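Good morning, and thank you for making time for this presentation. I should like to take you through one structure, from individual side chains up to the arrangement of its domains.

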Amino acid sequence: MNLEDTGTGLFPTASDRERIDAELTRMLAASRTGRRASAVTPGADLAAYREALAAVDFAAARDLTDLLGWTVAALETGIVHMTHPSYFGLFNPAPTFPSECADRIAAAFNPQLAVWSHAPVCVEIEAHMIRAVAARAGLPDRSGGHFTSGGAEANATALTCALTQANDGFGSEGVFAFSGRPVFYASAESHLAWLKIAHQAGIGREAARLVATDGSGRMDAGALVAAIERDIAAGCVPVMIAATAGTTNAGMIDPLRDCARIAAKHDLWLHVDAAWAGAMIASPILAPLLDGIVAADSVTIDAHKWFATTMGCGMFLTARPEVLSQAFQVSASYMPSNLPSTDPYVNSIQWSRRFLGLRLFLSLASVGWAGYAAHVEHAVTLVQQLADRVCASRWTVANDPSAGVLCLHAPDGAPPPVDIVRDVLGTGEAWLSVAKLEGTDVVRVCATNGMTSAADIDALAVLLDQAAKAQA
């Protein structure tokens, strides 16, 4: 007799499990149905919540169904609802339904993807997805890679590969293998996880050279060349150019062709952080904006951003998988195999790992590339609609919104962006943010939710106009 036959709180009987699972499905469906009518912003009484949370002291068992209801209710009022159609915030879309299904399947089977032999079907699905996305991005047939926890891990992997490729001794000697300080280059508008990554890699945060932009939020190619030449003259060792395709503040895309040309001239690893805008590879209309990505040694794309899977589901793609294997190869007697060609644990920083790739596999397989093309094009259409709508009210567009991110300057005499955004958030009817573009505060809007409609955009325009006039 096993625990499921008798039933425990951790392993209920089959009938209890079915009953509880059905009740949770009902709760989540009811919550989803009411989402549009609810506030986007948190409205919980946090003092009361902390008191209720403190009462859960684990001294006595509690009914799981009650706990599930309590948790769902708390989330309904205690978070920013990124699944709300009027969430226009950071790169956090409402997840696709197929990716939600994937999470349930992965949780039920709980496969371990460290080695191929433990989960061959899962490893094969992920490898197939990596090859498909790499091919769509234009990377060569030999390309490889893996799923990651997100863009920060993928970008850290790129730097590790760049250091490994630059000096054969890096794996054993670290930075001491270099004749001078290793340095790399990213735009001043890039995601500043690069500073943490440089710290973790042991080369120091100052090794992340933040290159000036050209006035539009894109890396200045001339400034990049000058920075590299200065470092070489000073005895430093440049190892990588990290171009951004979809900056966090404004969705800007660095000059990828120029970056590729400069990287080739100096024999540097070219990485493209396309965590957001990489999804534009799905669209024949938008993909040309990524011109030059085909020359990358590695690319970051986050499936949990514009591909809209559940969090966190990043991808690291590389045209040089042999460097990836060199960087992460390790042998342990307790592991059942050690195959660089197939075992994920010798090709990534992770060891034990969740089955992430199923989220994108089910989503992409269920709609095809054309379905995702429609998804990303819809977002770009919506932000252009908003731009047209508010420009009629004397707002001005501060960036190129081609990647689904719109930065706005308010009309003359309006309150500063921080006050405008505060007033909009105060209504609970929408969520957006303040960002800096070329040193100036702007109102930032990003169409992240595939269920956002033209009516939601019109409603946001009204909120923005009202906030702009609040103190004018």
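Let me begin with a single residue, Asp16, which counts as partly exposed at 32% relative accessibility. Please keep in mind throughout that we are looking at a predicted model.

Which residue forms a salt bridge with Asp16? The partner is Arg19, and the closest N and O atoms of the pair are 3.7 Å apart. Both residues belong to helix α2, which covers residues 14-33, and because they are 3 residues apart there, about one helical turn separates them. Arg19 is partly exposed as well, with a relative accessible area of 46%.

I turn now to a second pair. Arg320 forms a salt bridge with Asp297, and here the closest N and O atoms are 3.7 Å apart. The setting is one of loops: Arg320 lies between β7 (314-318) and α12 (321-328), while Asp297 lies between β5 and β6 (298-302), so this pair ties together parts that are 23 residues apart in sequence. Is Asp297 buried or exposed? With a relative accessible area of 14%, Asp297 is buried. Arg320, at 23%, is partly exposed.

A third pair is made by Arg422 and Asp423, whose side chains meet in a salt bridge at 3.3 Å, N to O. Arg422 is partly exposed, with a relative accessible area of 45%, and Asp423 is likewise partly exposed, at 25%. There is also a network to mention: Asp103, Arg354 and Arg359 are joined through salt bridges that share partners. As a general remark, side chains of opposite charge can pair when their charged atoms come close. In total, the structure holds 20 salt bridges.

Let me move to the domains. The protein is divided into domain 1, residues 102-364, and domain 2, residues 367-468. Domain 1 contributes 31 residues to the contact, and domain 2 contributes 25. The C-alpha centres of the two domains lie 29 Å apart.

How much area do domain 1 and domain 2 bury between them? The value is about 2,200 Å², with 62% of it on carbon and sulfur atoms. Three residues deserve attention on the domain 1 side: Asn249, Trp306 and Leu364 supply 28% of the area that domain 1 buries against domain 2, more than any other three residues.

As for charged and polar pairs, how many salt bridges does the rule find across the interface of domain 1 and domain 2? It finds 1. Elsewhere in my notes on salt bridges I have the pair Asp400 and Arg218, whose side chains meet at 3.2 Å, N to O. Across the interface of the two domains there are also 17 residue pairs in polar contact, with both residues at pLDDT 80 or more.

Which helices each supply at least two residues of the side of domain 1 that touches domain 2? They are α6 (120-137) and α13 (357-391). The residues on that side of domain 1 divide into 18 nonpolar, 9 polar and 4 charged.

Helix α6 also holds Val121. At 60% relative accessibility, Val121 counts as exposed, because the threshold for that class is over 50%. The C-alpha atoms of Val121 and Glu229 are separated by 48 Å, and these two residues are 108 residues apart along the chain.

I close with the backbone. Most residues other than glycine have a negative phi. Against that background, what phi does Asn110 have? Asn110 has a positive phi of about 50 degrees, although it is not a glycine. Asn110 is found in the loop between α5 (97-109) and α6, and at 59% relative accessibility it counts as exposed.

Asp267 is another case: its phi is positive, about 55 degrees, and it is not a glycine. Where does Asp267 lie? Asp267 lies in the loop between α11 (256-266) and β5 (269-273). Asp267 is exposed, with a relative accessible area of 58%.

Thank you for your attention; I am glad to take questions.

Notes:
Residues are numbered from 1 along each chain as its sequence is written. This is a predicted model: local features need pLDDT of at least 70, side-chain atom pairs count only at pLDDT 80 or more; totals for chains, interfaces and linings use all residues. Side-chain values use heavy atoms; hydrogens and water are left out. Domain bounds come from an automatic or database domain assignment. Contact means heavy atoms within 4.5 Å. Buried area is the accessible area (1.4 Å probe) that two parts lose on being put together, summed over both. A salt bridge is a side-chain nitrogen of Lys or Arg within 4 Å of a carboxyl oxygen of Asp or Glu. A polar contact is a pair of N or O atoms within 3.5 Å; within protein, one must be able to donate a hydrogen and the other to accept it, and residues adjacent in sequence count only if both atoms are side-chain atoms. Helices (H or I, at least four residues) and strands (E, at least two) are DSSP runs, numbered from the N terminus. Ala, Val, Leu, Ile, Met, Phe, Trp, Tyr, Cys and Pro count as nonpolar, Asp, Glu, Lys and Arg as charged, and the others, Gly among them, as polar. Buried means under 20% relative accessible area, exposed over 50%, partly exposed in between (1.4 Å probe, protein chains only).
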